[in-house]
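Dear colleague,

I am handing over the structure below, and my notes on it follow. Please keep it open while you read them.

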Amino acid sequence: MVQQTKLSQLPARFPLVCQWEITCRCNLRCVMCYTDCRNRPDFVRHELATDEILRLMDEMAEAGTLEICLTGGEPLARPDFFTLYEHAIRQGFLVTLFTNGTLIHEAEADYFAGLRPLRIEISLHGVTPQTFERVTLGTGSYRRCLEAVGFLLDRRLPLVLKSTALTLNRHEILAIKRYVDSLGTVPFKLGEELRPDLNGSNEPFRYALSEQEVTVLNQEDTELREETCRQKTATPMPCESGMHRFHIDAYGRLQLCSGNRAESYDLRRGSFREGFFNVLPTFACEWKAARTTDLIRPVVHHA
């Protein structure tokens, strides 16, 4: 594990945190999902194979990467998910898992209790089956999601519940928040951002709230209102994507972030070090602070 005191000594460009979209496969069909258009066999067969992911994890560990967020699609939809997860833990990464929770049963919860992640974040779209499943389009997904929440809480695993505010669940957002608050120690995140799907369609925006609806929603809850005010009054920070953070998609393409895939480096054809230190700095981002390339590459040991 990297010591905290060493983090402040890292150079401006260092591959500290990775968000890794390890698959576009998913057992649900959430209406606003931007990856579900790739949840098809013809796309799945081009996703990174097990040995390719393990090789890249080794290269990232050697380069000093500390945190990995495994996301999808649904990461547990990969048959080799636990092989990948265990390798990441054994390499010393702090692992966060973004999941819909519906594939987590007692056996999976026991596994996570034995090899603990940094955090598990589950999307909770409603507090009634009707609303939840209007979003997921998956019969029984509400029950399975809440069962997973119970299994993880029983094992005292670090859990975060989050929602995306949509036209379909607007009427239950505050009820979701109250439910999460009732769990005691579980943080709640509310997101409003939608993005075009990976094929370029704006279909997810059909479910976006208007600015006025978002304002009314925030006015209905003190904590949501305070968070909105904090974000509006805070000084915008330059984008750090490509400096300490980076993104890898399901096909092994290294990118600045999940929201900027305009340029990619093919990790199947080259090394992680080459991609991160030599190619990623050349990628354009209107929010990225102008910096010169930092070629200092300190050695960090995972234990």
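**Strand pairing and one residue**

Strand β3 and strand β4 (residues 119-123) are paired in the parallel sense over four bridges, where pairing requires that DSSP finds at least two bridges between two strands; helices (H or I, at least four residues) and strands (E, at least two) are DSSP runs, numbered from the N terminus. Within this pair, T99 has I122 in β4 as its bridge partner. The model is predicted, so local features need pLDDT of at least 70 and side-chain atom pairs count only at pLDDT 80 or more, while totals for chains, interfaces and linings use all residues. Residues are numbered from 1 along each chain as its sequence is written, and side-chain values use heavy atoms, with hydrogens and water left out.

Strand β3 (residues 94-99) also runs parallel to strand β2 (residues 67-71), to which four bridges join it, and here I68 stands opposite V95.

Which residue shares a polar contact with the side chain of Q19? The partner is S258, whose side chain is joined to that of Q19 by a polar contact of 3.3 Å (a pair of N or O atoms within 3.5 Å; within protein, one must be able to donate a hydrogen and the other to accept it, and residues adjacent in sequence count only if both atoms are side-chain atoms). Q19 belongs to strand β1 (residues 17-21), and T71, although 52 residues away in sequence, lies 7.2 Å from Q19 in space, C-alpha to C-alpha.

With best wishes
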